[in-house]
Amino acid sequence: MNKQLVWTGVLVLGLLVSGTAMGQEAPQWAFGVRAAAWNIPGTLLDQFLDEHPSVKGETYGMEFRYYGADGPSGVFSVSYGFDVGRIDGTGFWLLKDDDPDEDGRRGKAQADVYALTATFLWDIMPEWVVHPYLGLGIGVAYVDGEIPPGEEDDDDSYKGPAPAVNIPLGLRAQLTENLSLNVDARLFMGGLALGGGVAYAW
């Protein structure tokens, strides 16, 4: 691909995004980064497995958030996010009602996830410096995962698309009109992500 064409497209996109904020009294967009500890609760794994190790990992992401005319003091906004995560567990795995001697698997199961989501956010009492928020997001992910082999099997793996869900519940601290911090718990890709992030609005 022609590099000049790529950089021209990036410049045009930047000018268009910046142009939406010109002449406005409040910032229209924000860019943020986030990180979280990610795990699949044992109570959920218990629904499908008689035996399993703990399954945990991390996620890292970034987002562009659109506030609209009211800026950060508005109630509703939309976040367009990209998250990268890895989750794994090492131990003995046994599906419900399987024979532990014949069907059990021992070893490491892991998954790498790359998710694009659009999340609709509701800030409750946004005029407060620290206020709660919740959201509902959907999208698509690429998953590269594998489970340990059985006695006669090669490694079972899956590489391909999967639906992505992102449901945050947290607290946001609006430090200035442009800078905010947040901590939240997110239902993300079948697990629970506990973390936070920082965002700058313009």
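**Exercise 1. Determine how exposed Lys96 is, and identify its salt-bridge partner.**

Step 1. Lys96 has a relative accessible area of 38%, so Lys96 is partly exposed. Buried means under 20% relative accessible area, exposed means over 50%, and partly exposed lies in between (1.4 Å probe, protein chains only).

Step 2. The model is predicted: local features need pLDDT of at least 70, side-chain atom pairs count only at pLDDT 80 or more, and totals for chains, interfaces and linings use all residues. Residues are numbered from 1 along each chain as its sequence is written, and side-chain values use heavy atoms, with hydrogens and water left out.

Step 3. The partner of Lys96 is Asp50, and the closest N and O atoms of this salt bridge are 3.5 Å apart. A salt bridge is defined as a side-chain nitrogen of Lys or Arg within 4 Å of a carboxyl oxygen of Asp or Glu.

Step 4. Lys96 lies in the loop between S4 and S5 and Asp50 in strand S2 (residues 49–51), so the pair ties together parts that are 46 residues apart in sequence. Strands (E, at least two residues) and helices (H or I, at least four) are DSSP runs, numbered from the N terminus.

Step 5. Asp50 counts as partly exposed because its relative accessibility is 38%.

**Exercise 2. State how many salt bridges the model contains, and describe those of Glu63 and Asp112.**

Step 1. The count comes to 7 salt bridges.

Step 2. Glu63 pairs with Arg34, with 3.9 Å between the closest N and O atoms. Since Glu63 lies in strand S3 and Arg34 in strand S1, the pair ties together parts that are 29 residues apart in sequence. Both Glu63 and Arg34 are buried.

Step 3. Asp112 pairs with Arg86, and here the closest N and O atoms are 2.5 Å apart. This pair links distant parts of the chain, with Asp112 in strand S5 and Arg86 in strand S4, 26 residues apart.

Step 4. Asp112 is buried, with a relative accessible area of 13%, whereas Arg86 is partly exposed at 38%.

Step 5. Salt bridges that share partners join Arg34, Glu63, Asp83 and Arg186 into one network.

**Exercise 3. Describe the geometry of the aromatic pair of Trp29 and Tyr66, then that of Tyr114 and Tyr142.**

Step 1. Rings of Phe, Tyr and Trp (its six-membered ring) pair if their centres lie within 6.5 Å; planes under 30 degrees apart count as stacked, over 60 as edge-to-face and the rest as tilted. By this rule the model has 4 aromatic pairs.

Step 2. Trp29 and Tyr66 form a tilted pair, at 5.0 Å centre to centre and with 50° between the planes. The pair links distant parts of the chain: Trp29 is in strand S1 (residues 29–40) and Tyr66 in strand S3 (residues 55–66), 37 residues apart.

Step 3. Trp29 is buried, with a relative accessible area of 16%, while Tyr66 is partly exposed at 34%.

Step 4. The ring centres of Tyr114 and Tyr142 are 6.4 Å apart and their planes stand at 40°, so this pair is also tilted. Tyr114 lies in strand S5 and Tyr142 in strand S6 (residues 130–147), so parts that are 28 residues apart in sequence are tied together.

Step 5. Tyr114 is partly exposed, with a relative accessible area of 37%, and Tyr142 is partly exposed at 39%.

**Exercise 4. Locate the two residues Asp97 and Met125, and give the sign of phi for each.**

Step 1. Asp97 lies in the loop between S4 and S5, and Met125 in the loop between S5 and S6.

Step 2. Asp97 has a positive phi of about 70° although it is not a glycine. Met125, likewise not a glycine, has a positive phi of about 55°.

Step 3. Asp97 is exposed, with a relative accessible area of 73%. Met125 counts as partly exposed at 36% relative accessibility.

**Exercise 5. Place Gly145 in the fold, and summarise the chain.**

Step 1. Gly145 is found in strand S6 and is buried, with a relative accessible area of 13%.

Step 2. Gly145 and Lys159 are 14 residues apart in sequence and 6.4 Å apart in space, C-alpha to C-alpha.

Step 3. The protein chain has 2 helices and 9 strands, and along the sequence these follow the pattern α-β-α-β-β-β-β-β-β-β-β.

Step 4. Of the 202 residues in the protein chain, buried residues make up 38%.
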